[in-house]
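Welcome! Take a moment to look over the sequence and the model, and then let us walk through some of the details together.

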Amino acid sequence: MMDNRFATALVIACVLSLISTIYMAASIGTDFWYEYHTLSPVENITEAGRSVWEEFVSEEADEKTYTDALFRCNGTVGLWRRCITVPKNSHWYSPPETDMTTNCISFSLSDQFMEKYIEPGNHNSGTDLNRTYLWRLQFLLPFVSLGLMCFGALIGLCACACRSLYPAIATGVLHFLAGLCTLGLVGCYVAGIELLHKKLPLPDDVRGEFGWSFCLACVSAPLQFMAAALFIWAARTNRKEFTLLKAYRVA
């Protein structure tokens, strides 16, 4: 029979694991990892011309092109998509509007693994290995993290079916590895943004900040570590007490 302490620890660990999974999935699927706030987006669009967002959504848009558009048009960036805010009526003969809409375009799989250049937009400047591998890692790590947690949950279900608490150690270890992946994702994303802004500094009238999607990933990592600690503690302590009780009965 399982001690109430271990049962409580397992319930809490399962709740933490579920919350962290939801947070991680939400952060992957949303576009607010980093946000740019322009003081006067309508004026900036007028000055830059109506072609700003046409270049932004073009398949030939390079890193510098879409980053400049993000600066000018209150852009947001996620792991999968980039978005800008533009007037609803974008015809050249229309007057500037204050009624804005958000246009987004997804990063293709080839975009995720494309090389980053020392000078963004200049293909002849050579490959920036640091930014290239940071970008690739920030794409791969969240899926590794979710995969580890799902595999850990599968092991937990098998442990319940076998009526044994000991396999929960494996669930805890997998959650710990998932937390490391999430932490690595956050670190890679921050480093990538900082390196990009060294290459393409923010204009004076543009302010950049990390968005709520990034915050969800930051919160998910400690939840995964706490769940891992509870799973491992419950499994190991229950095993030790069971061994001592068995030795006592034999004696």
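In which helix is S27 found? S27 belongs to helix 1, which covers residues 4-29. Please keep in mind that this is a predicted model.

**Two serines and their surroundings**

S27 is a good place to begin. With a relative accessibility of 0%, S27 counts as buried, because buried means under 20% relative accessible area. Its side chain reaches the backbone oxygen of M24 at 2.8 Å. Leaving out residues up to four places away in sequence, S27 touches W33, S213, L216 and A217.

One of those partners, S213, deserves a visit too. S213 sits in helix 8, which spans residues 212-250. S213 is buried as well, its relative accessible area being 0%. The side chain of S213 makes a polar contact with the side chain of T30, at 2.5 Å. A polar atom of the S213 side chain also lies 3.2 Å from the backbone nitrogen of F32. Apart from neighbours within four places in sequence, the residues in contact with S213 are S27, T30, D31, F32 and W33.

**Strands side by side**

Next, look at strand 3, residues 81-87. Six of its seven residues are buried, so strand 3 is largely enclosed by the rest of the structure. How does strand 2 run relative to strand 3, and how many bridges join them? Strand 2 (residues 76-77) runs antiparallel to strand 3, and two bridges join the pair. The two strands form a hairpin, with three residues between them. Within this pairing, V77 has R82 of strand 3 as its bridge partner.

Strand 3 also pairs with strand 4 (residues 100-106): these two run antiparallel and are joined by seven bridges. R82 appears here again, this time with I105 in strand 4 as its bridge partner.

**Charged pairs**

How many salt bridges does a search of the whole structure find? The search finds six, and the table shows some of them with the separation of their closest N and O atoms.

| Salt bridge | Closest N and O atoms |
|---|---|
| D68 and K64 | 2.9 Å |
| R131 and D128 | 3.4 Å |
| E209 and R207 | 3.0 Å |

E209 is partly exposed at 32% relative accessibility, and R207 is partly exposed at 47%. Elsewhere, salt bridges that share partners link E63, D128, R131 and K199 into one network. Two members of that network are buried: R131 has a relative accessibility of 5%, and D128 has 11%.

Why are D68 and K64 about one helical turn apart? The two residues are four residues apart in helix 4 (residues 63-72), so about one helical turn separates them. D68 is partly exposed at 25% relative accessibility, and K64 is partly exposed with a relative accessible area of 36%.

**A nonpolar patch**

Finally, turn to the surface. Which residues form a nonpolar patch there? The patch is made of V173, F176, L177 and L180, which together have about 320 Å² of accessible area. F176 is part of helix 7, which runs over residues 168-199. F176 is partly exposed, with a relative accessible area of 40%, whereas S27, where we began, is buried at 0%.

Notes
Residues numbered from 1 in each chain as written. Predicted model: local features only at pLDDT ≥ 70, side-chain atom pairs only at ≥ 80, totals over all residues. Heavy atoms only, no water. Buried < 20%, exposed > 50% of the residue type's maximum accessible area, 1.4 Å probe, protein only. Pairing = 2+ DSSP bridges. Polar contact = N/O pair within 3.5 Å; in protein donor to acceptor, adjacent residues only side chain to side chain. Contact = heavy atoms within 4.5 Å. Patch = residues over 30% accessible without salt bridge, like charges linked within 9 Å, V, L, I, M, F, W, Y side chains within 5 Å. Areas by Shrake-Rupley, 256 points an atom, 1.4 Å probe, with all protein chains shown as cover. Salt bridge = Lys/Arg side-chain N within 4 Å of Asp/Glu carboxyl O.
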